[in-house]
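Student: Could you take me through a close look at the patch of negative charge on the surface, and then place that patch in the rest of the chain?

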Amino acid sequence: MIESSMWLSGEEASEALSVGEQSLEVLRERGCLKPGSHWRSSTDPKQLPWKPKVFYCINGCKEVIEYLQKYDATFDQIA
(Lines give C-alpha, C1' and ligand atoms only; values in the text may rest on other atoms or scores of the structure.)
Protein backbone atom coordinates (compact mmCIF):
# COMPACT_ATOMS: atom_id res chain seq x y z
CA MET A 1 0.00 0.00 0.00
CA ILE A 2 1.27 3.47 -0.87
CA GLU A 3 1.41 5.94 2.01
CA SER A 4 0.08 9.38 1.13
CA SER A 5 3.23 11.15 2.36
CA MET A 6 5.59 9.05 0.27
CA TRP A 7 7.80 10.52 -2.42
CA LEU A 8 7.51 8.49 -5.62
CA SER A 9 9.15 8.58 -9.03
CA GLY A 10 7.23 10.10 -11.93
CA GLU A 11 6.13 6.69 -13.19
CA GLU A 12 4.98 5.53 -9.75
CA ALA A 13 3.26 8.85 -8.99
CA SER A 14 1.51 8.80 -12.35
CA GLU A 15 0.07 5.39 -11.54
CA ALA A 16 -0.87 6.29 -7.95
CA LEU A 17 -2.54 9.57 -9.00
CA SER A 18 -4.14 8.22 -12.21
CA VAL A 19 -2.65 10.97 -14.40
CA GLY A 20 0.02 10.79 -17.07
CA GLU A 21 3.65 11.59 -16.36
CA GLN A 22 3.45 14.33 -18.97
CA SER A 23 0.52 15.87 -17.08
CA LEU A 24 2.62 15.98 -13.92
CA GLU A 25 5.39 17.70 -15.88
CA VAL A 26 2.94 20.27 -17.28
CA LEU A 27 1.59 20.97 -13.79
CA ARG A 28 5.18 21.54 -12.60
CA GLU A 29 5.97 23.85 -15.51
CA ARG A 30 2.79 25.88 -14.95
CA GLY A 31 3.61 26.28 -11.26
CA CYS A 32 0.64 24.28 -9.98
CA LEU A 33 3.03 21.83 -8.32
CA LYS A 34 5.58 23.67 -6.20
CA PRO A 35 9.19 22.55 -5.76
CA GLY A 36 9.93 21.28 -2.28
CA SER A 37 6.33 20.67 -1.27
CA HIS A 38 4.93 18.81 -4.29
CA TRP A 39 8.04 17.66 -6.13
CA ARG A 40 11.81 17.52 -5.83
CA SER A 41 14.73 16.61 -8.03
CA SER A 42 16.97 13.65 -7.44
CA THR A 43 20.22 14.42 -5.66
CA ASP A 44 21.99 11.62 -7.50
CA PRO A 45 25.23 13.24 -8.76
CA LYS A 46 25.14 11.07 -11.89
CA GLN A 47 21.91 12.79 -13.00
CA LEU A 48 22.94 16.37 -12.23
CA PRO A 49 22.69 18.98 -13.66
CA TRP A 50 20.92 17.73 -16.78
CA LYS A 51 17.44 16.25 -16.52
CA PRO A 52 17.53 14.84 -12.98
CA LYS A 53 14.85 12.35 -12.02
CA VAL A 54 11.81 13.95 -10.35
CA PHE A 55 10.04 12.63 -7.26
CA TYR A 56 6.51 13.63 -6.25
CA CYS A 57 4.90 13.90 -2.82
CA ILE A 58 1.71 11.94 -3.36
CA ASN A 59 -0.35 13.68 -0.67
CA GLY A 60 0.43 17.20 -1.90
CA CYS A 61 -0.01 16.34 -5.57
CA LYS A 62 -3.30 14.58 -4.89
CA GLU A 63 -4.71 17.70 -3.20
CA VAL A 64 -3.73 19.92 -6.15
CA ILE A 65 -5.04 17.49 -8.77
CA GLU A 66 -8.37 17.04 -6.95
CA TYR A 67 -8.74 20.82 -6.64
CA LEU A 68 -8.01 21.34 -10.34
CA GLN A 69 -10.40 18.56 -11.36
CA LYS A 70 -13.13 20.24 -9.34
CA TYR A 71 -12.54 23.92 -10.15
CA ASP A 72 -10.46 24.17 -13.35
CA ALA A 73 -12.33 23.33 -16.53
CA THR A 74 -9.07 23.15 -18.50
CA PHE A 75 -7.58 20.41 -16.30
CA ASP A 76 -9.03 17.69 -18.54
CA GLN A 77 -7.04 19.16 -21.42
CA ILE A 78 -3.82 18.79 -19.38
CA ALA A 79 -4.56 15.30 -18.11
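**The negative patch and its surroundings**

Tutor: In this predicted model, a patch of negative charge on the surface is formed by Glu-11, Glu-12, Glu-15 and Glu-21. Helix H1, which spans residues 10-17, supplies three residues of the patch, and that is the largest share from any element. Glu-12 is one of the residues that lie in helix H1, and because its relative accessibility is 43%, which falls between the limits of 20% and 50%, Glu-12 counts as partly exposed.

Following the chain onward from H1, one comes to the loop that joins H1 to helix H2 (21-29), and Ser-18 is found in this loop. The backbone at Ser-18 deserves attention, since its phi is positive, at about 60°, although the residue is not a glycine. As background to that value, most residues other than glycine have a negative phi. The side of the question that concerns solvent is simply settled: Ser-18 has a relative accessibility of 67%, and therefore counts as exposed, the cut-off being over 50%.

To place these parts in the whole, the protein chain holds four helices and three strands, and, read from the N terminus, its elements follow the order β-α-α-β-β-α-α. Of the 79 residues in the protein chain, 32% are buried.

Further along the chain, helix H3 offers two details that can be set beside the patch. Asn-59 has its place in helix H3, and its relative accessible area of 34% is the reason why Asn-59 is classed as partly exposed. Asn-59 and Met-6 are 53 residues apart along the chain, yet their C-alpha atoms are separated by 7.6 Å.

The other detail concerns aromatic rings, for which a search of the whole structure finds one pair. The partners are Tyr-67 and Tyr-71, whose ring centres are 4.8 Å apart and whose planes stand at 45°, so the pair is described as tilted; an angle under 30 degrees would have counted as stacked and one over 60 as edge-to-face. Both tyrosines belong to helix H3 (residues 58-71), where Tyr-67 and Tyr-71 are four residues apart, or about one turn of the helix. Tyr-67 and Tyr-71 are both exposed.

Conventions. Residues numbered from 1 in each chain as written. Predicted model: local features only at pLDDT ≥ 70, side-chain atom pairs only at ≥ 80, totals over all residues. Heavy atoms only, no water. Patch = residues over 30% accessible without salt bridge, like charges linked within 9 Å, V, L, I, M, F, W, Y side chains within 5 Å. Areas by Shrake-Rupley, 256 points an atom, 1.4 Å probe, with all protein chains shown as cover. Salt bridge = Lys/Arg side-chain N within 4 Å of Asp/Glu carboxyl O. Lys, Arg positive; Asp, Glu negative; His and termini not counted. Charge placed at Lys NZ, Arg CZ, Asp CG, Glu CD. Helix = DSSP H or I, 4+ residues; strand = E, 2+ residues; numbered from the N terminus. Buried < 20%, exposed > 50% of the residue type's maximum accessible area, 1.4 Å probe, protein only. Phe/Tyr/Trp six-rings, centres within 6.5 Å; stacked < 30°, edge-to-face > 60°.
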